[in-house]
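Me: Please take one part of this model, the sheet, and go through it closely. Tell me how its strands pair and what sits on and around them.

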Amino acid sequence: MSDTCDTMASTLPLVLVLFSLSLAHAQITVFNLRASDLPGNLLGTTDGYVKVFCGSASLGETSVRNDNKNPWWEEEFQYFNTQENDVLRLEVHDSDFLFDDLIGVCQRQVKRGTHDHNCFLEKGGTLHYSYTLN
């Protein structure tokens, strides 16, 4: 009987470590944001930018690319409190003088590894982005 108890006791720390690793938070990096064929406003131009969210956290926003239907943004966004299956949300906006127009939203549950995605936006155009979840 003591052998069984000793075996169970010796495997318990390993089980706890594996369980805590599965609940552990990871780092997400969002990068390589670019858009194509964004719709123009009344003046025919698009001043696009992207807001980035993961779960309930705002990771920030890109700079505005003025007069560009096919913008590319250099910014990378990192968040250290991510779990697998958290929702990554990217909002594409057109910056205007009075208020900004929402062009479209991309959402997906994140998975471990590096992934590239294309997302078709509600008002037209496509957002391309990559992320890595470690």
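Reply: Buried here means under 20% relative accessible area, exposed means over 50%, and partly exposed is in between (1.4 Å probe, protein chains only). The model is predicted, so local features need pLDDT of at least 70 and side-chain atom pairs count only at pLDDT 80 or more, while totals for chains, interfaces and linings use all residues. Residues are numbered from 1 along each chain as its sequence is written, and side-chain values use heavy atoms, leaving out hydrogens and water.

Start with the whole chain. It has one helix and nine strands (DSSP runs numbered from the N terminus: helices are H or I with at least four residues, strands E with at least two). Along the sequence the pattern is α-β-β-β-β-β-β-β-β-β. Of the 134 residues in the chain, 34% are buried.

Now the sheet. It is open and built from four strands, in the order β3-β2-β6-β7. The pairing is antiparallel; two strands pair if DSSP finds at least two bridges between them. The edge strands are β3 (57-61) and β7, and each of these pairs on one side only. In the listed order, β2 and β6 stand between β3 and β7.

Take β2 next. This strand covers residues 48-54. Six of its seven residues are buried, so β2 is largely enclosed by the rest of the structure. Cys54 counts as buried because its relative accessibility is 1%.

On one side, β2 pairs with β6. Seven bridges join these two antiparallel strands. Val50 faces Val92 of β6. Val52 has Leu90 of β6 as its bridge partner.

On the other side, β2 pairs with β3. Four bridges link this antiparallel pair. Phe53 stands opposite Ser58 of β3. The two strands make a hairpin, with two residues between them. Gly55 sits in the turn and has a positive phi of about 60°.

Strand β6 (87-94) also deserves a look. A search of the whole structure finds one salt bridge. Side chains of opposite charge can pair when their charged atoms come close. Here the side chains of Arg89 and Glu91 meet, with a distance of 2.9 Å from N to O. The criterion is a side-chain nitrogen of Lys or Arg within 4 Å of a carboxyl oxygen of Asp or Glu. The two partners fall into separate accessibility classes. Arg89 counts as partly exposed because its relative accessibility is 27%. Glu91 counts as buried because its value is 11%.

The chain enters β6 through a loop from β5 (77-82), and Asn85 lies in that loop. The phi of Asn85 is positive, near 80°, in a residue other than glycine. Most residues other than glycine have a negative phi. Asn85 is partly exposed, since its relative accessible area is 37%. Asn32 also has a positive phi, near 60°. This residue belongs to strand β1 (residues 26-36). Asn32 counts as partly exposed because its relative accessibility is 30%.

Past β6, a loop leads to β7 (101-109), and Leu98 is found in that loop. Leu98 counts as exposed because its relative accessibility is 75%.

End at the edge strand β7, where a disulfide begins. The search of the whole structure finds one disulfide (a pair of cysteine sulfur atoms within 2.5 Å). Cys106 and Cys119 form it, with their sulfur atoms 2.1 Å apart. The link is left-handed, with -105° about the S-S bond. Cys106 lies in β7 and Cys119 in β8 (residues 113-120), so the pair ties together parts that are 13 residues apart in sequence. Both cysteines are buried: Cys106 counts as such because its relative accessibility is 1%, and Cys119 because its value is 13%.

To recap the part you asked about: the order is β3-β2-β6-β7. Six of the seven residues of β2 are buried. The salt bridge is that of Arg89 and Glu91. The disulfide joins Cys106 in β7 to Cys119 in β8.
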